[in-house]
Amino acid sequence: MTTATISEVVPPVPAPATAPQPGELTKDTYKGKIHPDWCPGCGDFSVLSALQTALFELGLKPHQVAVISGIGCSSNLPGFINTYGMHTLHGRGIAVGTGLKLANHDLKVICTGGDGDGYGIGGNHFLHIMRRNVDLTYIVMDNQIYGLTTGQVSPTSVKGMKTKTTPHGSVENPINPIPLAMVGGATYIARAFSGKQKHMVEIIKGAIQHKGFSLVDVFSPCVTYNKDNTYQWFNPRVKILEEQGHDPTDFHKAMDKGYMWGDEIPIGLFWKRTDLPTLEDLEPVLHEGGPLAYRKLGIPEDQAKALIAELM
Amino acid sequence: MATVDFAIGIGGEAGQGIATPGDILARIFARRGLHLNAYNAYQSIIRGGHTFLTIRASDQPVTNMGDKLDVLIPLNQDTMNRHLKLLRGGACVIYDGDKLKPGEHAAGVQLCPMPMKQLCGTSKLGGNTVAIAATLQMIGIEFEPLEQVLTRQFKKKGDAVIAENVNMARAGYEYATTNFKAFPVKAPRGAKPLGIVTGNQATALGGAAAGVKFYAAYPMSPSTGVLMWMAAHARQLGIMVRQVEDEIGVMNMVIGAAHAGCRAMCATSGGGFALMSEAIGMSGMIETPIVCVDVQRAGPATGVPTKTEQGDLWQILGAGQGDYPRIIVAPTSQVDLFKIIPELFNLVDKYQCPGLVLADLLISEGTSSVDPAELDLNVKIDRGEIIFPNGTSGNGETPNPFGGYNDNAYLRYKNTESGISPRAVPGTPGHIHIAATDEHDEDGTLISDEFTNPAKRRMMVEKRARKMQTVLSQIAPPKLYGPENAQVTLVGWGSTEGVIRESIAKLAGDEGIVANHLQIKWIVPFHADEIARILGRSKRVIIVENNYSGQFARYLRSETGFKAHGHIRKYDGEPFMPHHIVDAVKEQITGRAEVSVPEHEILV
């Protein structure tokens, strides 16, 4: 069963003379009203640009896309891109995104946030969105530090890292999002690096096109508060999986690559499977009638009678 | 006056099958056109403990469990020991004579031992069927309705089970005819068949009628019945129903779905509501309407999960940090729960804010008979100022004049005179905007993304607040019930309406005390002027509520400056019975107390 897309159900409307005419899509189409207020050199600029390029190259119209974030430096992204956007609560972007996607499954939903947002305070939603295989893309700008609160330890800060709240060095093990996502059941798991933007565009395009939950963990250096994991630190270490002949359908190899850290850190598509249905596929309520959000409200008389009969 | 008003209590340990005979009796009474109320006192335990179901029926409307039992059906010795001593003359106890021993009892209580082994053989739960058959015989109800309801009840288990139960029931019915003395008054027939509904079912039905397309929840007693109804009807009605990982996720998903344009709803209890609070603030800030039902139970923390209380008033008044508009309503009955959900959806769609419902275990898990005409599912639906893409339905066919991708003409948070800004849903061409929990400008831009600006902040706070100025005119003010010039005015809120109303009648009848009654349903906004005017004329105002500290009394004082003369409070987990209120009023008008705390005599 196929459902009509928005462009199919919306007839063209003659625009009034004062309103801007719909134009051809250009990369500038995706430019937001506000210039990003990130620190100069922040890795998040590169992620924003890669996402805009990916949307442009996929030909997605801005009103068909919703970019939803939590809270944090990177979560400011929806304000800087010309699509529908939500800037929700700390850690809750993917929960809100799930609700939005299920309510209007014609939309392309892209959730964005940081490592604290997604792997810390929002960790429970992260676990459950993966097993549900909701068809949305989650881009985590992982800078291994809390930036907006001015430099505290994060769930992905490496052991021993000195921050304002770990003055003697962190004694806790970090979360490794790649293996976590693999055992969690995510169906598209990739990592990118802000210093390799062209590569990131391809990774994000693949994620958006993937049917199911896709995670893109991005090394997006915080140039202000993380003096350990800098561009200079990452540059010689990151190795592109696509250039190494990695097979993203090999679960165990993907796990091995996911655990690599140190002199060689893989980026690229670790793991992808296309054999699992999405939550939307499995939910018969969505099979017919288009997006729930657009459906007619109210209960037909025969159904109303049946509901009352249950009480008698 | 009621010609018949009788109550049946069935008790035993969890797992002994209390619910099934309860359902069977309720259905027989309702089909006969009798009104009823059923309240189940139970524990947070799956097997064992003590569960006690009280079904009260009458030819007049019944709103509470009443003060007396006419028939006691103890399924174990513990129940016999707890309840037999509370029976008064004229009542009877029906029990397994092979196993249970009656103890001390009042004069005139009829002991009805039944030879269960002989009547139901080895059937484990057969004694329940036998006992209700005997009960029906003694209150003058024919056997056929029982046979019909048993057939319906055990339909899924096959003909053999139906036949076994019908045979046992017949044996029990005949045994009672021969051996027991029937009640002097026979159960009459009502004007027309009634249905039975729990408050949770009524809540879900109200949501379905309102056009809820997204329902999410995390199981939490006593609200889980709404989730189960929704899950059972999801595919039939086209509702997306999700059980979510926690209540934080629930409220955030609900907001996501509501933002997309669905009517979205959830129900929980106080603990789950606490987890939702931050997100409820988001609903207020991004002006995305949602409806959330808090089915209160005895708190704090885990509290007493299976017991009732009205202890969440201040939690719900203060839910979410910051200062923002919300609408709060405390429904007064099962039918009111059904009606309030669509009404609240219309309000929150119009005013673009969260709508919060304060129910409680008493009405939400409680069962009531209902006239099917009261449950008209064809309700008014008004989505307010919402913009959908042209050509889609959603009951909002607002023309969409904009076309471009970088449209600057549409202001999602336009600073209008009413404070209400037309809301476009994602997917609508030409209305692209961001909805942010950060303070934002009229177009949605976060003010922290430019320069935090006190003038803009003030403008947006006032814009949101201004929406509330007209809500009060949209909702019904409370009405004083009973004679104007009464000695006492009883004030209650939410679920206590029925029991207070009955105690007014008892005060007038048995005690010669003239009392009237003001029940408050809308909490925010609050009809402060109207309420102050009514109470200002009252001679003695006594507030009745199911909590320790007088949460409503404090709220009333904060909104009106009115200080009540007396209080009746109960916080033992059990609901008020009419005589609790009657006795407390007597105590107060004779000057013996200003705060009365009735004792719940039944140990459940």
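In this predicted model, the second largest pocket encloses about 1400 Å³ of space. Of the 47 residues that form its lining, those closest to the centre of the pocket are B:Ala19, B:Asp23, B:Asn40, B:Thr198 and B:Glu365. The greatest contribution to this lining comes from helix α1 of chain B, which spans residues 19-31 and supplies 6 residues. When the lining of the second largest pocket is divided by residue class, 20 residues are nonpolar, 21 are polar and 6 are charged. Both domain 1 (5-193) and domain 2 (197-374) of chain B take part in the lining, each of them providing at least three residues.

Apart from this open pocket, enclosed space was also examined, and the structure was found to hold 2 cavities of 30 Å³ or more. The largest cavity, with a volume of about 60 Å³, is lined by A:Lys101, A:Lys108, A:Val109, A:Ile110, A:Asp135, A:Leu136, A:Thr137, A:Ala207, A:Ile208, A:His210, A:Gly212 and A:Ser214. Two elements of chain A, namely β3 (108-114) and α7 (197-209), are those that give two or more residues to this lining, and of the elements involved it is β3(A) that gives the most, with 3 residues. By class, the lining of the largest cavity comprises 5 nonpolar, 4 polar and 3 charged residues.

The second largest cavity has a volume of about 40 Å³, and its lining is made up of B:Tyr39, B:Ala41, B:Phe52, B:Thr54, B:Met65, B:Glu574, B:His600, B:Ile602 and B:Val604. Strands β2 (35-41) and β3 (48-58) of chain B each contribute at least two residues to the lining of this cavity. Its residues divide into 6 nonpolar and 2 polar, together with 1 charged.

Helix packing was considered for one pair in chain B. Two packed helices are described by the angle between their axes and by the distance between those axes. For helix α4 (residues 126-138) and helix α6 (residues 159-179) of chain B, the axes come within 7 Å of each other and cross at roughly 45°. The arrangement of α4(B) relative to α6(B) is therefore oblique, because an angle counts as oblique when it is neither under 35 degrees nor over 145, and lies outside the range of 65 to 115. The crossing in which α4(B) passes α6(B) is right-handed.

Note on methods
Residues are numbered from 1 along each chain as its sequence is written. Chains are lettered from A and ligands numbered from 1 in the order in which they are written. This is a predicted model: local features need pLDDT of at least 70, side-chain atom pairs count only at pLDDT 80 or more; totals for chains, interfaces and linings use all residues. Side-chain values use heavy atoms; hydrogens and water are left out. On a 1 Å grid over the protein atoms alone, a cavity is a set of points where a 1.4 Å probe fits but cannot get out, and a pocket is an open set with protein on both sides within 12 Å along at least five of seven lines; lining residues have an atom within 4 Å of a point. Grid points are joined across faces, edges and corners, and a volume is the space filled by probe spheres set on the points. Helices (H or I, at least four residues) and strands (E, at least two) are DSSP runs, numbered from the N terminus. Ala, Val, Leu, Ile, Met, Phe, Trp, Tyr, Cys and Pro count as nonpolar, Asp, Glu, Lys and Arg as charged, and the others, Gly among them, as polar. Domain bounds come from an automatic or database domain assignment. Axes are lines fitted to C-alpha atoms, for helices over the stretch in contact, and angles run from 0 to 180 degrees between N-to-C directions. A crossing is left-handed if the near helix is turned anticlockwise from the far one by less than a right angle, and right-handed if clockwise.
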